[in-house]
Amino acid sequence: TGRFHSMFDFVPSKPIAQAHRAAILSATLTSDARFALSASADGTMRLWSARSGTTLAEFEGHSRAVHALCVSSDRATVLSGGVERAALLHDVASQKVLRRIAGHRGTLQCAALAGETVGQLAFLGGDDWCDSIVIAFLRSGANHVGYCSALRIYDCRSPRVPVQTLSEARDSLTAVSVDNGDHGVALRTASVDGTLRAYDLRSGMLHEDALGVPLSALTATRDGQCALLACADDSLRLLEHASGALLQHYGGTESGSARVGLCVLPGDSFVAAGSATGAVHLWDLVEGTRTTRLAAHSRAVTAVACERDGAQTTLLTAAADGALAFWTARR
């Protein structure tokens, strides 16, 4: 499986060959590394025990592909969305649908939750149709219409209409990152238009970093100081939030045009990303050198997550082959 730094090996502990009947499009671990959630192109969503690898529950409500999936910080609710355009807020304990959030015009590609169960905010983005683009398309006689996209923010207590709509993206939104800091909610989005956008919702300020290449994934470092981005040129980029400076470039991701998962490992020492070949790569965050290549799956790795439970570090990988795998870092 390759080396993980000089002190650890990642070994597969609970591989699940057929976690879903179709491709897994999104998966995540809870912050305590005890549970995992996965969503598939067949419309199914499942809750797993990260320790035993067994299915604990299945969530209902979707009948078509689910691309977006996230769990609240208190692990009480799950937000999901996809081809059906409406997002569902689920109660984890009962698996019941608490809210249905409609209003998006295209496939939902990303979702995030901020706050605890009471007063929770939902952030939803993806493909969207703007009236101005549709009109321009009809007038031009072109054979292809592009997307613009809006990130819509909802109060989960009354989600009939968004409390705010952010429409700066000029193409599909692929990822959203929300950080509940001491100074309010720090919101960042990544888009196919090649721009990382950082919103200060309290002051109404927007900062844009144009990278010039489509962005397919986004996550923040554990200290909240940097953004890690997956780019369509087979690379990852690490940008500092405060200055927008490029701190590191990680090459050779083998991602091609596939949308792959990525994460920053606990401790902010390593970054991990999936690939179109089924492998998972790890790099030293500071040095930018690749330290590990895990032969994880037979098809593109669509989700990668890592959390720590005491002394044990668990890595979750999921792929278009419908398989889910839990890996344990050991000394």
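**Phenylalanine 270**

I started with phenylalanine 270, which lies in strand S24. I am working on a predicted model. Is phenylalanine 270 buried or exposed? Its relative accessible area is 6%. The cut-off for buried is under 20%, so phenylalanine 270 counts as buried. Next I looked up a C-alpha distance. Phenylalanine 270 and leucine 285 are 15 residues apart along the chain. Their C-alpha atoms are separated by 4.7 Å.

**The sheet around S24**

I then asked which strands form the open sheet with S24. There are four, in the order S23-S24-S25-S26. The pairing is antiparallel. Strand S23 (262-264) and strand S26 (290-295) are the edges, and each pairs on one side only. I also looked up the angle between neighbours. Neighbouring strands are turned by 15 degrees against each other on average, with direction ignored.

I went on to one pair in this sheet. How many bridges link S25 and S26? I found five, in the antiparallel sense. I noted one pair of opposite residues: tryptophan 283 faces arginine 290 in S26.

**Nonpolar cores**

Next I looked up the largest nonpolar core, which has 16 residues. Phe10, Leu265, Leu282, Leu294, Leu315 and Trp327 have the most contacts inside it. Which strands each supply at least two residues of this core? I listed strand S24 (270-274), strand S25 (279-284), strand S27 (301-309) and strand S29 (324-330). Another core lies apart from this one and has 14 residues. Ile16, Ala36, Leu316 and Phe326 are among them.

**A second open sheet**

I moved to another open sheet of four strands. Its order is S19-S20-S21-S22, and the pairing is antiparallel. The edge strands are strand S19 (215-220) and strand S22 (246-251). Each of these edges pairs on one side only. From one strand to the next, the twist averages 20 degrees.

I checked the pairing of S19 with strand S20 (residues 226-231). The two run antiparallel, and five bridges join them. What is the bridge partner of leucine 215 in S20? I found cysteine 231.

**Strand S13**

I turned to strand S13 (residues 151-155). Why do I call S13 largely enclosed by the rest of the structure? Five of its five residues are buried, so the description follows. I reminded myself that side chains in a regular strand alternate between the two faces of the sheet. Then I sorted the residues of S13 by direction. Leu151, Ile153 and Asp155 point one way, while Arg152 and Tyr154 point the other way. All of them are buried.

Next came the partners of S13. Strand S12 (residues 121-126) pairs with S13 in the antiparallel sense over four bridges. Strand S14 (residues 164-166) also pairs with S13 in the antiparallel sense, over three bridges. I followed isoleucine 153 to both partners. It is the bridge partner of phenylalanine 123. Isoleucine 153 also stands opposite glutamine 164 in S14.

**Threonine 30**

My last entry is about a loop residue. Where is threonine 30? I found it in the loop between strand S3 (24-29) and strand S4 (35-40). Threonine 30 counts as buried because its relative accessibility is 4%. The side chains of threonine 30 and aspartate 32 are joined by a polar contact of 2.6 Å. I then left out residues up to four places away in sequence. Threonine 30 touches Phe35, Arg75 and Glu307 on that count.

Note on methods: Residues numbered from 1 in each chain as written. Predicted model: local features only at pLDDT ≥ 70, side-chain atom pairs only at ≥ 80, totals over all residues. Heavy atoms only, no water. Buried < 20%, exposed > 50% of the residue type's maximum accessible area, 1.4 Å probe, protein only. Polar contact = N/O pair within 3.5 Å; in protein donor to acceptor, adjacent residues only side chain to side chain. Contact = heavy atoms within 4.5 Å. Pairing = 2+ DSSP bridges. Axes fitted to C-alpha atoms, helices over the stretch in contact; angles between N-to-C directions. Core = buried A, V, L, I, M, F, W, Y, C linked by side-chain atoms within 4.5 Å.
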